[in-house]
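Subject: Handing over the two-chain model

Dear colleague,

I am passing on to you the structure that I have been going through, and I would be grateful if you could read my notes alongside it.

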Amino acid sequence: MTAVETPRASSTAVPARPSVGRAFTALLWRDVFVTGREFVPFLLQVVLQPVFLLFVFGKVLVELGFTSSAYADVLLPGVVSLAAFLTALQNTAFPLVIDFSFTKEIEDRLLAPLPTALVAVEKVVFATMRALVAAAVMFPIGLWVLGSLPVTWSDVPVLVFFLVLGSLVGAAIGMTLGTFVKPNRINVVFAVVLTPLLFTGSTQFPWPALDQLRWFQVVCALNPLTYVSEALRAQMAPQVPHLSLTVCALALTGFLVVFGVLSLVGFRRRALD
Amino acid sequence: MEVTDLVKRYPGRPVDAVAGVSFTVERGEVFGLLGPNGAGKTTTIGVLTTRVLPTGGTARVAGVDVAADPVTARSRLSVVPQRSNLDRSLTARQNLVFHAAYHGMGRAERNRRADELLDRLGLGDRGGDKVDDYSGGMAQRLLIARALMHAPQVVFLDEPSTGLDPQARLFVWERVRELRDSGVTVVITTHDMDEAAALADRVGIMDHGRLLALDTPAALTRSLPGSATLDVDVERAPGDSDEAVLAALAALPQAERVEPVADAAGLRARLYLSTDAAGTVGPVSEVLTARGARLTGVRIGEPSLEDVFLSLTGRELR
């Protein structure tokens with residue numbers, strides 16, 4: 001053998017009990033490292049849709065006189081919520097379908113010395129981090145498109161709390177889809193799931209105002225995105241009718257428990273036979 | 001490594017994929033696991049590498065019960081898969097460095113080891129390339145390098161030289177022998193009998209979820225009756241017939257069976273023997289001389305691991 005010391009010699013240096021924390025951090029660092037190198041494509045991917053939404057509904061329709069400028073107050077919190085929620089959802093669903101079914105790249109991580117569930121948790125944490133970046137970027141864009149930003153620094157803790165909670169729910173839903181749906185069906189399922197999520201998440205309207213359209217109000221109440229939008233609206237535009245922060249927090253926690261469990265079950269099913 | 005009464009039944013399947021397999025592999029041994037497709041070897045390896053949960057029995061790798069403590073087991077074993085599962089968002093060298101980081105290796109140590117292993121596997125100048133640009137042989141070498149990064153005590157190789165050119169194949173074999181020499185236990189699954197015979201200290205042959213045979217390649221081939229062959233070219237006497245000569249050879253006590261070889265120009269007989277082929281040349285020559293025939297050529301065929309494999313698992317397609 002050449003310069004490399006023999007594995008037997010160096011294996012004595014390996015600790016008897018591997019460090020789960022270090023393994024988890026390394027997995028997360030790998031994802032951050034790769035995203036860091038592809039930051040501009042990542043931004044384009046996550047902000048284009050919300051930007052156009054904001055521009056057409058918050059700016060163009062206002063300028064043309066079809067909506068009032070007050071509508072921007074309704075829209076901006078919704079669009080920020082949408083950016084976070086969908087980014088989180090897509091960043092678990094698609095990579096997992098590709099990893100498990102095609103490239104198998106995830107195998108090296110599944111053989112890392114940490115419990116399988118933590119590999120899943122890392123995916124959710126990382127998707128949430130990406131979602132928070134997407135949401136944060138929406139604020140300067142909102143200022144630029146709409147000309148003003150109804151946020152003060154004192155709003156930040158509440159906004160962060162609900163964006164984190166909403167992103168975790170989005171990531172868990174994405175992982176549930178990515179692990180339960182057959183790979184050859186994922187395109188169909190996405191088309192069927194994403195569009196309704198987009199339009200029933202109370203991003204473009206305040207949920208309490210749906211009183212006159214009762215059935216649609218019920219449908220929207222089933223969409224976790226509704227509670228993110230409503231919470232952000234409560235904080236950023238309190239004059240608009242909105243659900244209370246408590247209701248939003250409870251609803252999102254409930255969704256997180258349900259989809260958190262489902263996603264871990266789905267992940268385990270794919271990772272272990 | 002110790003496997004005891006291992007059973008795996010997949011939900012909804014009528015039969016066990018692995019039906020009570022037991023074997024041990026010593027430290028520093030190269031162990032070959034052979035079997036037709038669907039024999040249960042992939043499932044067995046899956047259990048040993050913590051990716052398949054056993055239904056019954058126990059499996060210990062490097063002293064760790066894989067079902068009870070998969071996390072520690074993973075730190076002591078590594079897997080070289082048949083198909084590349086390299087991280088395509090990373091360069092070759094980054095693949096090695098991140099793998100070591102997952103296993104808790106410090107920065108300086110993992111950088112040093114990555115460079116050494118790239119050199120040792122002949123990839124020293126290609127470490128900065130994206131793995132998408134790698135050929136099949138290079139990817140295979142990088143997979144081996146990655147598997148060695150965290151200094152495992154047991155390495156599992158799945159079909160290590162399938163699809164490789166002869167040079168790459170010999171290179172991989174050489175690395176496997178180095179691993180054994182340095183005290184690492186190596187488990188190989190393969191369809192390639194030459195590979196198993198060349199590399200493995202012992203071979204286990206599986207079929208239908210069971211271990212049918214387990215021994216050194218030499219002992220397995222010795223144990224197979226009627227698979228040593230002796231081909232003899234005969235120039236028979238003018239009044240004699242081919243059938244009569246074949247019948248006379250078949251009457252030899254050493255011959256289990258005799259048949260003519262169709263593609264020969266003259267008469268060529270193939271004797272299937274229960275004993276050593278070389279020692280049978282004399283008696284054959286005497287029989288022929290007695291009939292006024294002449295022995296003009298001899299070829300000895302030793303039984304191969306493939307003969308053992310086919311005799312145990314049958315010839316039907318899977």
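What follows is an account of what I found, chain by chain, and then of the contact between the chains.

Please keep in mind throughout that this is a predicted model.

Chain A

Chain A holds eleven helices and zero strands, and its C-alpha trace extends over about 80 × 35 × 35 Å along the principal axes. Of the 273 residues in chain A, 42% are buried, and among the contacts in this chain with a separation of 6 or more, 81% are between residues 24 or more positions apart.

The unreviewed UniProt entry lists residues 39-62, 74-98, 133-153, 159-181, 188-207 and 243-267 of chain A under "transmembrane region". I looked at two of these spans in the model. Residues 133-153 of chain A are 67% helix and 0% strand, with 17 Å between the end C-alpha atoms, while residues 188-207 of chain A are 60% helix and 0% strand, with their end C-alpha atoms 28 Å apart.

Two single residues of chain A may be useful as points of orientation. V62(A) belongs to helix α3 of chain A, which covers residues 39-63. Is V62(A) buried, partly exposed or exposed? It has 17 other C-beta atoms within 10 Å, and V62(A) is therefore partly exposed, since a buried residue would need 20 or more and an exposed one would have 12 or fewer. Beyond its neighbours within four places in sequence, V62(A) is in contact with T67(A), S68(A), S69(A), Y71(A) and A72(A), whereas the C-alpha atom of R269(A), 207 residues away along the chain, is separated from that of V62(A) by 50 Å.

The other residue is I186(A), in helix α8 (residues 186-199) of chain A, which counts as partly exposed because it has 18 C-beta neighbours inside 10 Å. The C-alpha atoms of I186(A) and F94(A) are separated by 8.5 Å, although the two residues are 92 positions apart along the chain. Not counting residues up to four places away in sequence, I186(A) touches V97(A) and V181(A).

Chain B

The domain assignment divides chain B into domain 1 (2-222) and domain 2 (228-302), and the C-alpha centres of these two domains lie 46 Å apart.

An open sheet of six strands in chain B has the order β6-β7-β8-β3-β9-β10, with mixed pairing. Strands β6 and β10 (210-215) of chain B stand at the edges and have a single partner strand each, so one side of each is left without a neighbour in the sheet. On average, neighbouring strands of this sheet are turned by 20 degrees against each other, direction ignored.

At one edge, β6(B) runs parallel to strand β7 (residues 154-158) of chain B and is joined to it by four bridges, with L77(B) standing opposite V154(B). Although β6 (residues 77-80) of chain B is an edge strand, both of its faces are covered, since L77(B) and V79(B) on one side and S78(B) and V80(B) on the other are all buried. Further into the order, strands β3 (residues 30-34) and β8 (residues 185-190) of chain B pair in the parallel sense over five bridges, and V187(B) is the bridge partner of F31(B).

Two helices of chain B lie against these strands. Helix α5 (residues 136-148) of chain B lies across β6 and β7 of chain B and runs at about 175 degrees to β6(B). Helix α11 (residues 305-313) of chain B packs on the sheet, where it touches β3, β9 (202-207) and β10 of chain B, and its direction makes about 30 degrees with that of β9(B).

There is also antiparallel pairing around strand β1 (residues 2-8) of chain B. Strand β1(B) pairs with strand β4 (residues 56-61) of chain B over four bridges, G56(B) being the bridge partner of V7(B), and five bridges join β1(B) to strand β2 (residues 18-24) of chain B, where V3(B) is partnered by F23(B).

Contact between the chains

Where the chains meet, 34 residues of chain B are in contact with 34 residues of chain A. Helices α2 (70-76), α3 (92-102) and α4 (107-120) of chain B each supply at least two residues of the side of chain B that touches chain A, and the residues of that side divide into 14 nonpolar, twelve polar and eight charged.

With best regards

Key
Residues are numbered from 1 along each chain as its sequence is written. Chains are lettered from A and ligands numbered from 1 in the order in which they are written. This is a predicted model: local features need pLDDT of at least 70, side-chain atom pairs count only at pLDDT 80 or more; totals for chains, interfaces and linings use all residues. UniProt positions are given in the numbering used here, feature names are shortened, and annotations may be inferred rather than shown by experiment. Domain bounds come from an automatic or database domain assignment. Two strands pair if DSSP finds at least two bridges between them. Two residues are in contact if their C-beta atoms, placed from the backbone, lie within 7 Å. Ala, Val, Leu, Ile, Met, Phe, Trp, Tyr, Cys and Pro count as nonpolar, Asp, Glu, Lys and Arg as charged, and the others, Gly among them, as polar. Axes are lines fitted to C-alpha atoms, for helices over the stretch in contact, and angles run from 0 to 180 degrees between N-to-C directions.
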